[in-house]
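Trainee: Could we go through this one together, starting with a single residue and working outwards?
Mentor: Gladly; here is the entry to look at.

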Amino acid sequence: MNKHKFSFSRIPGWAILLVIFGVLYLTGLHTETIGQLQRLMLATGLKKADVPEAVPSPEKTVTSPASTSEMAGAGFRMTTLDGQSVSFESLRGKVVFLNIWATWCPPCVAEMPNIQRLYEKVNSPKIAFVMLSVDAAGLPKVQKHIQKKGYTFPVYLPDTPLPQEFESPSIPSTFIISPEGKIVSKQIGLADYDTQEMRDFLLSLAK
């Protein structure tokens with residue numbers, strides 16, 4: 001009888017987990033796996049995006065001196081997935097939903113399906129979605145990710161350095177900018193944006 005017969009039961013649990021994570025990391029699946037777990041957390045409704053209580057009055061913002069001041073992100077340029085250069089200032093006059101993300105970021109991957117649903121539901125020409133990828137790998141990787149997931153919201157990459165007002169300690173980061181060019185909401189980290197409160201807020205700003 002072989003006293004040294006191998007048995008999987010003798011392998012420590014931590015070693016098995018280490019091997020599994022190593023395989024996921026080497027195959028590039030760790031981001032998607034962690035993202036799926038975080039997506040389940042979003043489904044509980046515990047991480048709804050913060051929505052400002054008050055919406056600026058259109059009557060006040062039209063005549064306000066701030067309405068003629070520089071727009072947040074002035075001078076910033078972006079590149080679309082088909083290689084077209086776009087000025088961020090060209091979106092002035094619209095509500096801008098700006099989400100900064102990357103393909104390697106699990107919480108970014110986790111929240112993107114609910115942003116896609118929000119995009120489909122608001123469906124307004126007065127609301128512009130800017131899904132801004134900061135992937136260092138560049139355009140091909142981002143194109144592949146978006147095509148694989150079937151997302152239809154507008155996706156961009158920075159064409160110039162990110163403006164200071166859009167910098168944050170971590171991603172995902174989401175900014176909502178009024179038609180007058182002012183940041184009216186800022187959310188750092190994972191959140192569920194496909195809520196009635198968020199839809200009402202965006203549509204109210206767009207009036």
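Mentor: Let us start with Asp194, which counts as buried because its relative accessibility is 15%, where buried means under 20% relative accessible area, exposed over 50% and partly exposed in between, with a 1.4 Å probe and protein chains only. This is a predicted model, in which local features need pLDDT of at least 70 and side-chain atom pairs count only at pLDDT 80 or more, while totals for chains, interfaces and linings use all residues. Residues are numbered from 1 along each chain as its sequence is written, and side-chain values use heavy atoms, with hydrogens and water left out.

Trainee: What does Asp194 meet in a salt bridge with Arg117, in terms of N to O distance?

Mentor: The side chains of Asp194 and Arg117 come to 3.1 Å, N to O, a salt bridge being a side-chain nitrogen of Lys or Arg within 4 Å of a carboxyl oxygen of Asp or Glu. Asp194 lies in the loop between strand S7 (183-188) and helix H6 (196-205) and Arg117 in helix H4, so the pair ties together parts that are 77 residues apart in sequence; helices (H or I, at least four residues) and strands (E, at least two) are DSSP runs, numbered from the N terminus.

Trainee: And which other salt bridges does Asp194 form?
Mentor: Asp194 also pairs with Lys121, the closest N and O atoms being 3.1 Å apart, and with Arg199 at 2.7 Å, N to O. Salt bridges that share partners thus join Arg117, Lys121, Asp194 and Arg199 into one network, and the count for the model comes to three salt bridges.

Trainee: Are those partners buried or exposed?
Mentor: Arg199 is buried, as is Asp194, whereas Arg117 is partly exposed at 38% relative accessibility and Lys121 is partly exposed at 47%.

Trainee: Switching topic, where is Phe129, and what does it touch?
Mentor: Phe129 sits in strand S4 (residues 127-133) and is buried, with a relative accessible area of 2%. Leaving aside neighbours within four places in sequence, Phe129 is in contact (heavy atoms within 4.5 Å) with Phe97, Ile115, Leu118, Tyr119, Val122, Pro154 and Tyr156.

Trainee: OK, and what about Asp50, buried or exposed?
Mentor: Asp50 is exposed, with a relative accessible area of 53%, and its place is in the loop between helix H2 (30-42) and helix H3 (58-63). Not counting residues up to four places away in sequence, Asp50 touches Ser185, Gln187 and Met198, and its C-alpha atom is separated by 8.7 Å from that of Tyr193, 143 residues apart along the chain.

Trainee: Which backbone angles should I look at?
Mentor: A cis peptide bond joins Ile171 and Pro172, with omega about 5°, and Pro172 is found in the loop between S5 and S6. Asn123, in the loop between helix H4 (106-122) and S4, has phi near 40°, a positive value in a residue other than glycine.

Trainee: Last one: how many helices and strands are there in the chain?
Mentor: There are six helices and seven strands, and buried residues make up 43% of the 207 residues. Of the contacts with a separation of 6 or more, 72% come from residues 24 or more positions apart.
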